Every structure is written in structure tokens, then in C-alpha cells.
Amino acid sequence: QVARAQALQILDSRGRPTVQVALTLDDGYVARGAAPSGASTGENEAVEVRDGGRAYGGAGVTGVVRTITDRIGPALEARTFGTVGDVDELLHELDGTDSFAGIGSNASVSVSIAAARAFAHLGGSETWRWVADTLGTSPRLPVPHFNVINGGAHAPNPLAFQEFMVAPVGASTFADAVRAGAEVYASLRGRLRAQGKLAGVGDEGGFAPDIDAPDEALDLLVGAIEDAGYTPRTDVAIAMDPAANGFGTPTGIYVFSGREHERDEMLDLYARLVRDYPVWSLEDPFHEEDLESWRAITAHLGDEVQIVGDDLCVTSAERIDRGAADGESNAVLIKPNQTGTVTGTFDALRAASSHGMGAMVSHRSGETLDAFIADLVVGAGTGQLKSGAPARGERVAKYNRLLEIEAADSSLPYGLAPRA
Ligand code: PGA
Ligand code: ZN
């Protein structure tokens, strides 16, 4: 069905090269897909391939573009495929490794996303409905998690914790949730300006004030939620992603605010933050290899908050199964490029669902205008998405796609999926 496969080196939101694929089908339809890229990556993610050398500081992807046009394209053009799984199998065959180190996860994920859109088109449905039909799930519009204060690897400020997000859990529609997010973002800007702390924004569009204490970030959020006229927790809750790989060790030592914190101190800190602030979700609170700490926090706080494995689970069904069996987290982050294909992403979603775990679909800190994850989260029906601040084109592209989906089908429910 693929008449022509083209690939192009484009720029991502950080000004680094990435790959865009266009598959032209026999009927003339052009299905596109583009690869995002992370800055705080897990050790076991599928591997991006980059050129090395001088151009773009070594980050070019012209080799990957050639792989797609010279190897993947002809293989796609030579056969017909029944499902996206067949395309993804071909990608694995051409790759020949178990981490996509051969062709690059940036090649595989862009081709796989384009193929998913092609199959949705051939079936005559929107991509989100195709996802729901493939997974056998009930579609729903997600609670958007707006990352409004950036730290860690995403900002130059001294704040070690990477993401502070506001989640309009009490909104009744997705459009109302977008309004709440944008209003809180605006009132946060006002607060920062009043305090003389308004600096620039980080990679995901959240403000990057010169602060280093998590308490200070959370106080700012609660104040901004109230300033905007909302009630913290019931209207707008908070989610955090410390991304602890960035400041922790496998042996449970965490360095921030000028000193070392040991495991027990971290557990106490998180327990206090969860008690004192309307935090409902906590992602990567510990280093991905500090499993003892993961088990402890899930046992102690897992009833009060969602404990989300990102670098811990890397969108791998196998790792999600293991983590669930060992009680390491009770929810997972879903990033298609961590596993490298749409099929791998579906497997991870199925694994999470089979264990009754929450699943938050996610962008990467380096993004494009590709909004596949918006369709993915609606179809999968998990009710949670994070795509950065309600600002910057590559972030709002996802939120705007969701507004479009809601406007076209007002029967879709909004909100967190009921916990199994
Ligand atoms: P990344 O960060 O895209 O830079 O890896 C996102 C996250 O940690 O959730
Ligand atoms: Zn994360």
C-alpha cells in the first residue's frame, strides 16, 4: 500500500535535528510521523542513532534519513501489510538488535507512527478511534498535566526536581481543563513577576525561576491555583516528576540543595510533600536502580498518590510486568520512542492495564508538532497526559489536537480513568 517513503531531517523544539517521515499511500494519502527526543533518558530506552562529526555538534540524523529512504522505504514499498504490528516486525528485522541501535529508535518510531496513521486512514477512522479499536479500550479525553515549573535537566536554574505540573482533575470538559491550565499559568507568571523571580522558561515551556527548594515551587503552584480562582486538589491537583536519575545514585544517595540526602530522608521528604500539598502523582522519585526505595515508597505512599515509573519502566511491557510483581510502582509513563514502535507502546499499555496500573501518556522534552500522543491517549483511554506547559507550539499542538477531538465528538468522557 505504500507507494513512496520519504524522510527528512527537521529541527526539534531544542533546535536539534530529528526525523520526519512521510508515507504516501496508493490512494495519494500522506501519513506522517516525527520522532521526539528526551534529555533525561532512562538507561534502558531504545537507542537513537545520530551522525556524530561536526554538523549540529554530532546530533545530525542524515544517516537515519538515509536508512529510511534506502532500506526501510524499499522494504515497505515491496510488500503489503495487514497491521501496524507487521510493519513494526519488519523494523525489528531490519534493525537486528534488541534496542534499535541498528536503524535507530528515531527511525523506527517515526515510521511506526506514520504507519499507524496510514492504517487508521485505510480503516476510514480517526487515529484515536483506530487506537481504541486495536486495543479494545474505551476512549476518553485525558486530564492534561501542564508542566509549569521546570528544573533538572530541562532548565538552567538550581532546582533539582525536574517537573511541577498542574492537573485540572475537577474540570468537566477538556476545554475547561485547558482554560484552567492557561489561567493558572498566567497567575503563576504574575506571582513570579511580583516576587522579582520571573526568568525565562525551560525546555517544556514552564517557568524556570531561580529557586532550589521543592517546597518553594509547590507554594508557588498552590498560590497560583488560588489566584486563578480554583480550589487546590479538588479543582486542580499537582503532579511532580523529580526525575531522580538526574541527582541520585543506584545506592540511594540524592544530592540537591547543596547536600546529600539518604533514602530515609527522601522518603520522609516525599511523605511530607504529599501530606502538605495537593500532590496526586509522583514520577521517578528515585534513581531507576534504587529499587529498594521504589518498593518502600510504593508500599508507604501508594494508597495516597500514584507512583509513576518513567526511567524505571521505559515503556517496556517486560519491565512493567517485573515492576508490578515486585511492587516498585503503581503507575507507568508511556513514551512511544522509549520502546521504538507503536506496537511496543500498545504492549506496554496492555501490561499496565493487566496489573491495574495507571498509565500517563507523555511527550519528550525535545518535541515537534507531531500530535500522535494526543490520539494515543484518547484511544487508550487512560485519562492522563503530560505535554508540558500550556504554551509553546510543540506543547500546545497536543492540547490543541485534543480540543479538536473533543469538539468533533462531544460524547467522549473527560477525566482520569476509574481505577481497576
Ligand atoms: P525527557 O523528560 O523527555 O527529557 O526524558 C521527560 C520526563 O522525564 O518525563
Ligand atoms: Zn519523567
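Analyst: Two residues are in contact when heavy atoms of theirs lie within 4.5 Å of each other. In this predicted model, residues 24 or more positions apart account for 71% of the contacts in the protein with a separation of 6 or more.

User: How do you know whether the radius of gyration of the protein agrees with that of a compact globule?

Analyst: The globule rule is 2.2 Å times the number of residues to the power 0.38. For 420 residues this rule gives a value near 22 Å, and the protein has 21 Å, so the two agree. Along the principal axes, the C-alpha atoms fill a box of roughly 60 × 45 × 45 Å. The chain forms 13 helices and 13 strands.

User: What share of the residues in the protein is buried, and how much area does the protein expose?

Analyst: A residue is called buried when its relative accessible area is under 20%. Of the 420 residues, 59% are buried. The protein exposes about 15400 Å², and carbon and sulfur atoms supply 48% of that area.

User: What makes a side chain count as positive or negative, and how many of each are there?

Analyst: Lys and Arg count as positive, whereas Asp and Glu count as negative. On that basis the protein has 34 positive and 59 negative side chains. The centres of the two sets lie 4 Å apart.

User: Which residues are the protein donors of the zinc ion (ligand 2), and how do you know?

Analyst: A donor is an N, O or S atom within 2.8 Å of a metal such as zinc. Asp241 (OD), Glu283 (OE) and Asp310 (OD) lie 2.0 to 2.2 Å from the zinc ion (ligand 2), so these residues meet the cut-off. Their spacing in sequence is D-x41-E-x26-D.

User: Why does the pair Asp241 and Asp310 tie together parts that are apart in sequence?

Analyst: Asp241 lies in strand 6 (residues 237-241), while Asp310 lies in the loop between strand 10 (306-309) and helix 9 (317-326); the pair therefore ties together parts that are 69 residues apart in sequence.

User: Are Asp241 and Asp310 buried or exposed?

Analyst: The limit for a buried residue is under 20%. Asp241 has a relative accessible area of 1% and is therefore buried. Asp310, at 2%, also counts as buried.

User: What is notable about the phi of Ser257 and of Thr315?

Analyst: Most residues other than glycine have a negative phi. Ser257 is not a glycine, yet its phi is positive, about 50°. Thr315 is likewise not a glycine and has a positive phi of about 50°.

User: Where do Ser257 and Thr315 lie, and how is the accessibility of Ser257 and of Thr315 classed?

Analyst: Ser257 lies in the loop between strand 7 (253-256) and strand 8 (259-262). Its relative accessible area is 38%, which is neither under 20% nor over 50%, so Ser257 is called partly exposed. Thr315 lies in the loop between strand 10 and helix 9. With 0% relative accessibility, Thr315 counts as buried.

User: Why is Leu385 called buried, and which residues does Leu385 touch?

Analyst: Leu385 lies in strand 13 (residues 384-386). Its relative accessibility is 0%, which is under 20%, so Leu385 counts as buried. Leaving aside residues up to four places away in sequence, Leu385 touches residues including Pro142, Val143, Ile373 and Tyr399.

User: Where does Ile72 lie, and what is its C-alpha distance to Ala5?

Analyst: Ile72 lies in helix 1 (residues 62-78). Ile72 and Ala5 are 67 residues apart in sequence, and their C-alpha atoms are 8.1 Å apart in space. Ile72 is buried, with a relative accessible area of 0%. Among the residues that Ile72 touches, beyond those up to four places away in sequence, are Leu91, Leu94 and Ile103.

User: Why is Trp130 called buried, and why is Arg4 called partly exposed?

Analyst: Trp130, in helix 4 (residues 127-135), has 12% relative accessibility; this is under 20%, so Trp130 counts as buried. Not counting residues up to four places away in sequence, Trp130 touches several residues, among them Phe119, Val342 and Phe346. Arg4, in strand 1 (residues 2-11), has 43% relative accessibility, which falls between 20% and 50%, so Arg4 counts as partly exposed. Arg4 touches Ala22, Leu23, Thr24 and Glu77, not counting residues up to four places away in sequence.

Definitions and conventions
Residues numbered from 1 in each chain as written. Chains lettered and ligands numbered in written order. Predicted model: local features only at pLDDT ≥ 70, side-chain atom pairs only at ≥ 80, totals over all residues. Heavy atoms only, no water. Donors = N, O, S within 2.8 Å, 3.2 Å for Na, K, Ca; no water. Helix = DSSP H or I, 4+ residues; strand = E, 2+ residues; numbered from the N terminus. Buried < 20%, exposed > 50% of the residue type's maximum accessible area, 1.4 Å probe, protein only. Areas by Shrake-Rupley, 256 points an atom, 1.4 Å probe, with all protein chains shown as cover. Charge placed at Lys NZ, Arg CZ, Asp CG, Glu CD.
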